[in-house]
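These are my notes from a first look at a structure that is new to me. I went from helix packing to salt bridges and then to the surface.

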Amino acid sequence: MSETVIYSLIAIGVIAIIGLSIYIYRQYRFIKTKQAQQREQLARLEAQRQEKYTYVVDSLKILAHALQEEQVGPVEASIRIRSLLDYYDASLHQQAEYQVFDEVFRETEHIPILEAWKALDRKTRRKFERDIEQIEQARGDAVKAAAKQLLVLLNQPRH
């Protein structure tokens, strides 16, 4: 082989190496950028999750305190606490001391809410109000005890 061919092949090899090096470097930067974006997104999601968790805990504490202070009725508190427990720790529904929230919720499922409540005639509304009173009389003390226990749980450090 002639010297010119050898130098040409060496030049082509060097150009190929330089081209591949540039390609590899760009891919490396692209991957690093993607990883950084994913880390940022995970951090944002974690911050949102923590913010929602804090909101749920604070809401549960407020409801439990309001129930203890009789600022909210046992039925309304049970319905709201039961819904929030799904976000806090759904396994609490299985524990005996908190099942009363779920029981009250199920006993009041048939009662219309919001706009449907406003649309009711007085006679029907009074009937539902009597149902609510009966549930509050029957389960009020159990709901308050469960709320008190929930406050104890919420005030413990969580690991």
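**Helix packing**

I started with helix α2 (residues 74-89) and helix α3 (residues 99-107), which pack at an angle of about 115 degrees. Their axes are 8 Å apart. That angle makes α2 roughly perpendicular to α3. I also looked up the hand of the crossing of α2 and α3, and it is left-handed. I note here that the model is a predicted one.

Next I took α3 together with helix α5, which spans residues 122-154. The axes of α3 and α5 come within 9 Å. They cross at roughly 150 degrees. Angles over 145 degrees count as roughly antiparallel, so α3 is roughly antiparallel to α5. The crossing of α3 past α5 is left-handed.

**Salt bridges in α2**

How many salt bridges does the structure hold? I found eleven. I looked at some of them one by one.

Glu 76 is bridged to Arg 80, and the closest N and O atoms of this pair are 3.0 Å apart. Both residues lie in helix α2, with their positions four residues apart along the chain, about one turn of the helix. I checked how far each is covered. Glu 76 has a relative accessible area of 38% and is therefore partly exposed. Arg 80 is partly exposed too, at 45% relative accessibility.

The second pair I looked up in α2 is Asp 86 with Arg 82. Here the closest N and O atoms are 3.9 Å apart, and the cut-off for a salt bridge is 4 Å. Asp 86 and Arg 82 are also four residues apart in helix α2, about one turn.

**Asp 86 and its surroundings**

I stayed with Asp 86, since it came up again. Is Asp 86 buried or exposed? Neither label applies, because its relative accessible area is 37%, which counts as partly exposed.

Which residues are linked with Asp 86 in a network of salt bridges? I listed Arg 82, Asp 102 and Arg 106. I then compared positions along the chain and in space. Val 56 and Asp 86 are 30 residues apart along the chain, and their C-alpha atoms are separated by 9.7 Å.

**A salt bridge in α5**

In helix α5 I looked up Lys 127 and Asp 131, which lie four residues apart, about one turn of the helix. They form a salt bridge, with the closest N and O atoms 3.0 Å apart. The two partners fall under separate labels. Lys 127 is partly exposed, with a relative accessible area of 40%. Asp 131 has a relative accessible area of 17% and is buried, because buried means under 20%.

**A nonpolar patch**

Last, I turned to the surface. Which residues make the nonpolar surface patch? My list reads Met 1, Val 5, Ile 6, Tyr 7, Leu 9, Ile 10, Ile 12, Val 14, Ile 18 and Ile 22. The patch has an area of about 1000 Å².

I picked out Ile 22 from that list. Ile 22 is found in helix α1, which covers residues 3-68. Its relative accessibility is 42%, so Ile 22 counts as partly exposed.

Definitions and conventions
Residues are numbered from 1 along each chain as its sequence is written. This is a predicted model: local features need pLDDT of at least 70, side-chain atom pairs count only at pLDDT 80 or more; totals for chains, interfaces and linings use all residues. Side-chain values use heavy atoms; hydrogens and water are left out. Patches are made of residues with over 30% relative accessible area and no salt bridge: like charges are joined within 9 Å, nonpolar side chains (Val, Leu, Ile, Met, Phe, Trp, Tyr) within 5 Å. Accessible areas come from the Shrake-Rupley method with a 1.4 Å probe; for residues, only the protein chains shown count as cover. A salt bridge is a side-chain nitrogen of Lys or Arg within 4 Å of a carboxyl oxygen of Asp or Glu. Helices (H or I, at least four residues) and strands (E, at least two) are DSSP runs, numbered from the N terminus. Buried means under 20% relative accessible area, exposed over 50%, partly exposed in between (1.4 Å probe, protein chains only). Axes are lines fitted to C-alpha atoms, for helices over the stretch in contact, and angles run from 0 to 180 degrees between N-to-C directions. Angles under 35 degrees count as roughly parallel, over 145 as roughly antiparallel, 65 to 115 as roughly perpendicular and the rest as oblique. A crossing is left-handed if the near helix is turned anticlockwise from the far one by less than a right angle, and right-handed if clockwise.
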